[in-house]
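Biologist: Let us go through this model together. I will ask, and you reason from the coordinates.

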Amino acid sequence: MKKILFAFTLLLFLGGCFGGGETSLESVQTFEDTHFTLSYPSGWIVKTRQNFPPEIPKETIATFSRPEPRDGYRTTMSVINEIVPVGTSSLDYAKQNINNAVTGVLEFKKLEERDIELSGQKTKLLIFQGKSDLNAKKLQYVQVYLVQQERGY
């Protein structure tokens, strides 16, 4: 079975967005799942379905979190997975998820949208701010979208 290899440049980009410029090629670890391999900064906290609290959505495969909060927030990267219709491209999946964010995230504000290539596929990178509910603080999100073997990530 072919595995997805998430591009390390994405982690470097995420590190830059959240003030984590100290990440270097020498300070990464590798997480392997049945369907993908992902490099993440050494020292980050990794959680999988086996140790998620009940409020984590069932589509989430793993989370990677900076051990120390910055400005009261903990930088976290989540990998989600859902079944998509046969023939769905990564770009189609990206457009669908961007539309979902625009219509479903409270106080949605798009900061940036880019065309990118990930694992050899055209897709999108979206950076936005929003709230998960009325009582939540506004947060910044960075999302990329990829489809492999009828699975959307």
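Biologist: How much space lies in the second largest pocket?

Modeller: Keep in mind that this is a predicted model. Rolling a probe the size of a water molecule over the atoms shows where empty space is left. For the second largest pocket, that space comes to about 210 Å³.

Biologist: Which strands each supply at least two residues of the lining of that second largest pocket?

Modeller: The lining includes Ile45, Lys47, Thr63 and Ser65. Ile45 and Lys47 fall within 45-48, and Thr63 and Ser65 within 60-65. The strands are therefore β4 and β5.

Biologist: How do the residues of that lining divide into nonpolar, polar and charged?

Modeller: Ile45, Phe52, Pro53 and Ile56 are among the lining residues, and these count as nonpolar. Lys47, Glu55 and Arg74 also line the pocket; they count as charged. Thr63, Ser65 and Thr76 are in the lining too, and they count as polar. The division is four nonpolar, three polar and three charged.

Biologist: Which strands stand at the edges of the sheet that holds β4, β5 and β6?

Modeller: The sheet is open, its order is β4-β5-β6, and its pairing is antiparallel. An edge strand here has a single partner, so one side of it is left without a neighbour in the sheet. That describes β4 and β6. The twist from one strand to the next averages 15°.

Biologist: How many bridges join β5 to β6?

Modeller: The two strands run antiparallel. Among the pairs, Thr60 has Ile80 as its bridge partner in β6. Ala62 stands opposite Val79. The number of bridges is five.

Biologist: Which residues of β6 form its covered face?

Modeller: In a regular strand the side chains alternate between the two faces of the sheet. In β6, residues 76-80, the uncovered face holds Thr76, Ser78 and Ile80. The covered face is Met77 and Val79.

Biologist: In the sheet β8-β9-β10, which strands stand at the edges?

Modeller: This sheet is open as well, with three strands and antiparallel pairing. Two of its strands have a single partner each, so one side of each is left without a neighbour in the sheet. They are β8 (106-118) and β10 (139-144).

Biologist: Over how many bridges do β8 and β9 pair?

Modeller: Strand β9 covers residues 121-131, and the pairing is antiparallel. Within it, Glu113 has Leu126 as its bridge partner in β9. The count is 10 bridges.

Biologist: At what angle to β9 does helix α2 run?

Modeller: Helix α2 spans residues 90-104. The helix lies across β8 and β9. Its angle to β9 is about 10°.

Terms used
Residues are numbered from 1 along each chain as its sequence is written. This is a predicted model: local features need pLDDT of at least 70, side-chain atom pairs count only at pLDDT 80 or more; totals for chains, interfaces and linings use all residues. Side-chain values use heavy atoms; hydrogens and water are left out. On a 1 Å grid over the protein atoms alone, a cavity is a set of points where a 1.4 Å probe fits but cannot get out, and a pocket is an open set with protein on both sides within 12 Å along at least five of seven lines; lining residues have an atom within 4 Å of a point. Grid points are joined across faces, edges and corners, and a volume is the space filled by probe spheres set on the points. Helices (H or I, at least four residues) and strands (E, at least two) are DSSP runs, numbered from the N terminus. Buried means under 20% relative accessible area, exposed over 50%, partly exposed in between (1.4 Å probe, protein chains only). Two strands pair if DSSP finds at least two bridges between them. Axes are lines fitted to C-alpha atoms, for helices over the stretch in contact, and angles run from 0 to 180 degrees between N-to-C directions. Contact means heavy atoms within 4.5 Å.
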